[in-house]
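Good morning, and thank you for making time for this presentation. Please look at the sequence and the structure as they appear, and I shall then go through a number of places in turn.

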Amino acid sequence: MFGSFEFGLPEDPRRARRPGLRLWLLGVPTTLAWAVAGWSGALGLLDGFRLMSLNRVDAWGADAGPAVSLVLLFSIAITIASSLGFAMLWGGGMSLRGMGVGFRASSLAASLGIALGTGFAIPSWTPPESVGKRLPFGGGAAEPWTDVDWIVYYEPYLVPAVAGVTALVMIMVLGRAFVSKAEADDRAQALAQTGLQVMGQVIGVEFTNVWVMGNPRFTVQVRFATEAGERTVVTTMITPPLQAPARGSTVKVTYDPRNPDVVQVDPDPADRAAGGNLGAFLPPLF
(Lines give C-alpha, C1' and ligand atoms only; values in the text may rest on other atoms or scores of the structure.)
Protein backbone atom coordinates (compact mmCIF):
# COMPACT_ATOMS: atom_id res chain seq x y z
CA MET A 1 0.00 0.00 0.00
CA PHE A 2 1.20 3.46 -0.81
CA GLY A 3 1.43 5.94 2.02
CA SER A 4 -0.67 9.07 2.09
CA PHE A 5 0.87 12.41 1.27
CA GLU A 6 0.40 15.85 2.77
CA PHE A 7 1.28 19.15 1.13
CA GLY A 8 3.47 21.20 3.39
CA LEU A 9 6.87 21.33 4.99
CA PRO A 10 7.84 19.78 8.31
CA GLU A 11 7.26 22.34 10.98
CA ASP A 12 9.71 23.25 13.69
CA PRO A 13 7.41 24.74 16.35
CA ARG A 14 10.23 26.82 17.75
CA ARG A 15 10.49 28.60 14.41
CA ALA A 16 6.76 28.97 13.89
CA ARG A 17 5.65 32.51 13.10
CA ARG A 18 2.20 33.85 13.61
CA PRO A 19 0.42 34.62 10.33
CA GLY A 20 -0.09 38.31 10.85
CA LEU A 21 0.81 41.18 8.58
CA ARG A 22 1.51 39.09 5.47
CA LEU A 23 -1.96 37.55 5.41
CA TRP A 24 -3.68 40.90 5.96
CA LEU A 25 -1.59 42.64 3.28
CA LEU A 26 -2.38 39.86 0.80
CA GLY A 27 -5.99 39.60 1.94
CA VAL A 28 -6.97 43.15 0.96
CA PRO A 29 -6.00 42.95 -2.77
CA THR A 30 -7.25 39.36 -2.93
CA THR A 31 -10.66 40.40 -1.62
CA LEU A 32 -10.79 43.32 -4.07
CA ALA A 33 -9.83 41.07 -6.98
CA TRP A 34 -12.56 38.59 -6.04
CA ALA A 35 -15.01 41.49 -5.72
CA VAL A 36 -14.22 42.55 -9.30
CA ALA A 37 -14.54 38.93 -10.42
CA GLY A 38 -17.90 38.63 -8.66
CA TRP A 39 -19.23 41.88 -10.10
CA SER A 40 -18.09 41.21 -13.68
CA GLY A 41 -19.08 37.54 -13.52
CA ALA A 42 -22.55 38.40 -12.27
CA LEU A 43 -23.24 40.98 -14.98
CA GLY A 44 -21.21 39.42 -17.77
CA LEU A 45 -22.13 35.75 -17.35
CA LEU A 46 -24.87 35.04 -14.83
CA ASP A 47 -27.08 37.89 -16.01
CA GLY A 48 -27.21 36.58 -19.58
CA PHE A 49 -27.76 32.98 -18.53
CA ARG A 50 -30.53 34.13 -16.20
CA LEU A 51 -32.34 35.94 -19.03
CA MET A 52 -32.00 32.96 -21.35
CA SER A 53 -33.24 30.63 -18.63
CA LEU A 54 -36.31 32.74 -17.88
CA ASN A 55 -37.70 34.07 -21.14
CA ARG A 56 -35.19 35.65 -23.49
CA VAL A 57 -33.07 33.39 -25.65
CA ASP A 58 -31.48 36.24 -27.63
CA ALA A 59 -29.64 37.72 -24.63
CA TRP A 60 -26.31 37.15 -26.39
CA GLY A 61 -27.42 38.67 -29.64
CA ALA A 62 -26.30 41.88 -31.32
CA ASP A 63 -26.47 43.85 -28.05
CA ALA A 64 -24.07 41.55 -26.23
CA GLY A 65 -21.03 43.87 -26.59
CA PRO A 66 -20.89 45.08 -22.97
CA ALA A 67 -21.39 41.51 -21.73
CA VAL A 68 -18.41 40.31 -23.77
CA SER A 69 -16.26 43.04 -22.26
CA LEU A 70 -17.37 42.02 -18.78
CA VAL A 71 -16.47 38.41 -19.52
CA LEU A 72 -12.96 39.56 -20.45
CA LEU A 73 -12.75 41.57 -17.23
CA PHE A 74 -13.98 38.54 -15.30
CA SER A 75 -11.26 36.36 -16.85
CA ILE A 76 -8.54 38.83 -15.88
CA ALA A 77 -9.93 39.40 -12.38
CA ILE A 78 -10.33 35.74 -11.53
CA THR A 79 -6.79 35.03 -12.74
CA ILE A 80 -5.38 37.73 -10.48
CA ALA A 81 -7.59 36.66 -7.57
CA SER A 82 -6.56 33.02 -7.91
CA SER A 83 -2.87 33.96 -8.02
CA LEU A 84 -3.19 36.12 -4.90
CA GLY A 85 -5.17 33.36 -3.20
CA PHE A 86 -2.35 30.92 -3.92
CA ALA A 87 0.11 33.39 -2.41
CA MET A 88 -2.08 33.59 0.70
CA LEU A 89 -1.82 29.81 0.99
CA TRP A 90 1.85 30.29 1.87
CA GLY A 91 1.27 33.49 3.82
CA GLY A 92 0.62 31.60 7.06
CA GLY A 93 4.06 30.00 7.00
CA MET A 94 5.64 27.03 5.27
CA SER A 95 4.19 24.40 7.58
CA LEU A 96 1.10 22.22 7.68
CA ARG A 97 -0.54 24.33 10.37
CA GLY A 98 0.48 27.59 8.70
CA MET A 99 -0.81 26.49 5.32
CA GLY A 100 -4.10 25.51 6.95
CA VAL A 101 -4.48 29.06 8.25
CA GLY A 102 -3.49 30.46 4.84
CA PHE A 103 -6.09 28.29 3.10
CA ARG A 104 -8.82 29.50 5.45
CA ALA A 105 -7.77 33.12 4.99
CA SER A 106 -7.76 32.70 1.20
CA SER A 107 -11.24 31.14 1.33
CA LEU A 108 -12.48 34.03 3.46
CA ALA A 109 -11.09 36.59 1.00
CA ALA A 110 -12.77 34.78 -1.91
CA SER A 111 -16.19 34.46 -0.29
CA LEU A 112 -16.12 38.00 1.10
CA GLY A 113 -15.01 39.46 -2.23
CA ILE A 114 -17.70 37.59 -4.16
CA ALA A 115 -20.33 38.71 -1.66
CA LEU A 116 -19.26 42.35 -2.04
CA GLY A 117 -18.95 42.23 -5.83
CA THR A 118 -22.24 40.46 -6.49
CA GLY A 119 -23.99 42.61 -3.89
CA PHE A 120 -22.79 45.76 -5.62
CA ALA A 121 -24.08 44.33 -8.94
CA ILE A 122 -27.65 43.78 -7.69
CA PRO A 123 -29.12 47.03 -9.13
CA SER A 124 -27.52 46.38 -12.53
CA TRP A 125 -29.03 42.99 -13.31
CA THR A 126 -31.26 43.11 -16.40
CA PRO A 127 -34.94 42.62 -15.51
CA PRO A 128 -36.69 39.82 -17.43
CA GLU A 129 -39.26 40.79 -20.03
CA SER A 130 -41.98 39.14 -17.98
CA VAL A 131 -42.25 37.91 -14.41
CA GLY A 132 -44.04 34.71 -13.54
CA LYS A 133 -44.44 33.38 -17.06
CA ARG A 134 -42.28 32.27 -19.95
CA LEU A 135 -42.91 34.15 -23.17
CA PRO A 136 -44.08 31.90 -26.01
CA PHE A 137 -41.97 31.54 -29.13
CA GLY A 138 -43.85 31.88 -32.39
CA GLY A 139 -47.23 32.25 -30.72
CA GLY A 140 -49.05 30.08 -28.26
CA ALA A 141 -49.92 30.46 -24.61
CA ALA A 142 -47.40 31.62 -22.04
CA GLU A 143 -46.18 28.97 -19.59
CA PRO A 144 -45.98 29.75 -15.88
CA TRP A 145 -42.61 29.68 -14.19
CA THR A 146 -41.53 26.60 -12.30
CA ASP A 147 -39.94 26.65 -8.84
CA VAL A 148 -36.52 26.53 -10.50
CA ASP A 149 -37.39 29.60 -12.57
CA TRP A 150 -38.27 31.52 -9.43
CA ILE A 151 -34.96 30.53 -7.87
CA VAL A 152 -33.18 31.79 -10.97
CA TYR A 153 -35.23 34.99 -10.83
CA TYR A 154 -33.96 35.73 -7.30
CA GLU A 155 -30.40 34.82 -8.26
CA PRO A 156 -29.14 38.44 -7.92
CA TYR A 157 -29.95 38.23 -4.21
CA LEU A 158 -29.18 34.57 -3.59
CA VAL A 159 -25.60 34.67 -4.89
CA PRO A 160 -24.36 37.44 -2.55
CA ALA A 161 -26.42 35.98 0.31
CA VAL A 162 -24.81 32.54 -0.02
CA ALA A 163 -21.35 34.09 -0.40
CA GLY A 164 -21.98 36.30 2.64
CA VAL A 165 -23.03 33.35 4.82
CA THR A 166 -19.96 31.46 3.64
CA ALA A 167 -17.81 34.45 4.59
CA LEU A 168 -19.33 34.53 8.08
CA VAL A 169 -18.63 30.83 8.53
CA MET A 170 -15.04 31.29 7.32
CA ILE A 171 -14.56 34.18 9.76
CA MET A 172 -15.47 31.89 12.65
CA VAL A 173 -13.33 29.05 11.32
CA LEU A 174 -10.37 31.35 10.66
CA GLY A 175 -10.72 32.95 14.09
CA ARG A 176 -10.58 29.55 15.73
CA ALA A 177 -7.56 28.60 13.59
CA PHE A 178 -5.75 31.81 14.57
CA VAL A 179 -6.41 31.15 18.25
CA SER A 180 -5.27 27.53 18.00
CA LYS A 181 -2.13 28.46 16.11
CA ALA A 182 -1.33 31.29 18.51
CA GLU A 183 -1.71 28.94 21.48
CA ALA A 184 0.51 26.33 19.80
CA ASP A 185 3.13 28.97 19.00
CA ASP A 186 3.05 30.22 22.58
CA ARG A 187 3.59 26.71 23.88
CA ALA A 188 6.44 26.13 21.42
CA GLN A 189 8.07 29.44 22.29
CA ALA A 190 7.76 28.77 26.01
CA LEU A 191 9.27 25.31 25.53
CA ALA A 192 12.17 26.79 23.54
CA GLN A 193 12.85 29.40 26.24
CA THR A 194 12.34 27.40 29.41
CA GLY A 195 12.78 23.82 28.22
CA LEU A 196 15.76 21.63 28.94
CA GLN A 197 17.52 19.77 26.15
CA VAL A 198 18.90 16.31 26.67
CA MET A 199 19.76 13.33 24.51
CA GLY A 200 17.18 10.58 24.35
CA GLN A 201 17.07 7.08 22.96
CA VAL A 202 14.44 5.71 20.60
CA ILE A 203 13.06 2.46 22.02
CA GLY A 204 10.12 2.18 19.67
CA VAL A 205 9.30 3.57 16.24
CA GLU A 206 6.38 3.16 13.88
CA PHE A 207 5.92 4.66 10.43
CA THR A 208 2.54 6.43 10.23
CA ASN A 209 2.29 5.82 6.46
CA VAL A 210 2.18 9.59 5.93
CA TRP A 211 4.64 11.58 3.85
CA VAL A 212 5.03 15.35 4.19
CA MET A 213 6.78 16.85 1.15
CA GLY A 214 8.82 13.68 0.72
CA ASN A 215 9.64 13.33 4.43
CA PRO A 216 8.18 10.43 6.46
CA ARG A 217 6.28 10.97 9.70
CA PHE A 218 6.89 8.59 12.59
CA THR A 219 5.40 7.81 15.96
CA VAL A 220 8.36 7.31 18.28
CA GLN A 221 8.74 6.10 21.83
CA VAL A 222 11.64 7.95 23.40
CA ARG A 223 13.37 7.39 26.71
CA PHE A 224 15.33 10.25 28.25
CA ALA A 225 16.65 11.42 31.59
CA THR A 226 15.00 14.26 33.50
CA GLU A 227 15.78 15.98 36.76
CA ALA A 228 13.19 13.75 38.41
CA GLY A 229 14.48 10.56 36.84
CA GLU A 230 14.17 8.60 33.63
CA ARG A 231 11.02 9.12 31.57
CA THR A 232 9.45 7.61 28.46
CA VAL A 233 7.11 9.50 26.12
CA VAL A 234 5.36 8.80 22.84
CA THR A 235 5.32 11.58 20.26
CA THR A 236 5.57 12.16 16.50
CA MET A 237 8.39 13.52 14.41
CA ILE A 238 8.94 14.30 10.73
CA THR A 239 12.46 13.78 9.44
CA PRO A 240 14.34 13.49 6.16
CA PRO A 241 14.66 9.81 5.14
CA LEU A 242 18.39 9.70 5.91
CA GLN A 243 17.67 10.91 9.47
CA ALA A 244 14.75 8.57 10.08
CA PRO A 245 14.65 7.23 13.64
CA ALA A 246 15.36 3.58 14.37
CA ARG A 247 15.43 1.47 17.50
CA GLY A 248 18.50 2.41 19.46
CA SER A 249 19.13 5.70 17.66
CA THR A 250 19.58 8.89 19.64
CA VAL A 251 17.50 12.05 19.33
CA LYS A 252 17.52 15.53 20.79
CA VAL A 253 14.73 15.96 23.32
CA THR A 254 13.58 19.36 24.60
CA TYR A 255 11.18 18.97 27.52
CA ASP A 256 9.34 21.14 29.99
CA PRO A 257 10.80 20.50 33.45
CA ARG A 258 7.40 21.25 35.01
CA ASN A 259 5.66 18.78 32.69
CA PRO A 260 8.09 16.29 31.16
CA ASP A 261 5.35 14.90 28.93
CA VAL A 262 5.55 18.09 26.83
CA VAL A 263 8.48 17.43 24.51
CA GLN A 264 9.95 18.39 21.19
CA VAL A 265 11.97 15.63 19.50
CA ASP A 266 14.53 16.37 16.79
CA PRO A 267 16.98 14.09 14.94
CA ASP A 268 20.53 13.85 16.18
CA PRO A 269 22.77 14.62 13.17
CA ALA A 270 25.70 12.83 14.81
CA ASP A 271 23.80 9.56 15.26
CA ARG A 272 24.99 6.93 12.80
CA ALA A 273 22.08 4.60 13.55
CA ALA A 274 19.50 7.01 12.13
CA GLY A 275 18.30 6.21 8.64
CA GLY A 276 19.49 2.64 8.87
CA ASN A 277 16.09 1.09 8.29
CA LEU A 278 14.91 2.74 5.09
CA GLY A 279 13.07 -0.33 3.87
CA ALA A 280 10.58 -0.10 6.74
CA PHE A 281 8.90 3.03 5.41
CA LEU A 282 9.87 3.61 1.78
CA PRO A 283 6.83 3.16 -0.51
CA PRO A 284 6.89 0.11 -2.79
CA LEU A 285 8.07 0.63 -6.34
CA PHE A 286 5.36 -1.60 -7.81
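I begin with Leu 135, which is partly exposed, because its relative accessible area is 26%. Please bear in mind throughout that this is a predicted model. Leu 135 sits in the loop that connects strand 2 (133-134) with strand 3 (143-144). What is Leu 135 in contact with, once its neighbours within four places in sequence are left aside? The contacts are Asn 55, Glu 129 and Ser 130. Of these, Asn 55 deserves a further word: it is 80 residues away from Leu 135 in sequence, yet the two C-alpha atoms are 5.6 Å apart in space.

Let me now step back to the chain as a whole. It contains five helices and eight strands. Read from the N terminus, the order of the elements is β-α-α-α-β-β-α-α-β-β-β-β-β. The chain has 286 residues, and 38% of them count as buried. As for contacts with a separation of 6 or more, 71% are between residues 24 or more positions apart.

I turn to the record. UniProt, in an unreviewed entry, places the feature "transmembrane region" at residues 23-46, 66-89, 101-122 and 157-179. How much helix does the model show over residues 101-122? The figure there is 91% helix, with 0% strand, and the end C-alpha atoms lie 32 Å apart. Over residues 157-179 the chain is 100% helix and 0% strand, with 33 Å between the end C-alpha atoms.

Helix 1 comes next. This helix covers residues 21-54, which is 34 residues. Its first and last C-alpha atoms are 46 Å apart, close to the 50 Å expected at 1.5 Å a residue. Where does helix 1 bend? The bend is at Ala 42, and it amounts to about 40°.

From there I move to helix 4, which spans residues 147-153 and includes Asp 149. Is Asp 149 buried or exposed? Asp 149 is buried, because its relative accessible area is 6%, and the limit for buried is under 20%. Apart from neighbours within four places in sequence, Asp 149 has contacts with Ser 53, Leu 54 and Arg 134.

The next topic is charge. Side chains of opposite charge can pair when their charged atoms come close. How many salt bridges does a search of the whole structure find? The search finds one. Its partners are the side chains of Arg 223 and Glu 230, at 4.0 Å from N to O. Arg 223 counts as partly exposed, because its relative accessibility is 31%. Glu 230, by contrast, is exposed, with a relative accessible area of 62%.

I continue with the aromatic residues. A pair of aromatic rings is described by the distance of the centres and the angle of the planes. The structure holds seven aromatic pairs. One of them joins Trp 150 and Tyr 154: the ring centres are 6.4 Å apart and the planes meet at 25°, so this pair is stacked. Trp 150 is partly exposed at 31% relative accessibility, and Tyr 154 is partly exposed as well, with a relative accessible area of 41%. Another pair, Phe 224 with Tyr 255, is tilted, with 5.4 Å from centre to centre and 40° between the planes. Which parts of the chain does this pair link? Phe 224 belongs to strand 5 (residues 215-226) and Tyr 255 to strand 7 (residues 250-256), so distant parts of the chain, 31 residues apart, are brought into one pair. Phe 224 is buried at 2% relative accessibility, and Tyr 255 is buried at 3% relative accessible area. In addition, Trp 145, Trp 150, Tyr 153 and Tyr 154 form one aromatic cluster.

My final residue is Gln 264, in strand 8 (residues 259-267). Why does Gln 264 count as buried? The reason is its relative accessibility of 14%, since buried means under 20%. The C-alpha atom of Gln 264 is 8.5 Å from that of Ala 188, although 76 residues separate the two along the chain.

That concludes the presentation, and I thank you for your attention.

Methods
Residues numbered from 1 in each chain as written. Predicted model: local features only at pLDDT ≥ 70, side-chain atom pairs only at ≥ 80, totals over all residues. Heavy atoms only, no water. UniProt positions renumbered as here; feature names shortened; annotations may be inferred. Helix = DSSP H or I, 4+ residues; strand = E, 2+ residues; numbered from the N terminus. Buried < 20%, exposed > 50% of the residue type's maximum accessible area, 1.4 Å probe, protein only. Contact = heavy atoms within 4.5 Å. Expected span 1.5 Å × (residues − 1). Bend = angle between axes of the 7 residues up to and from the residue. Phe/Tyr/Trp six-rings, centres within 6.5 Å; stacked < 30°, edge-to-face > 60°.
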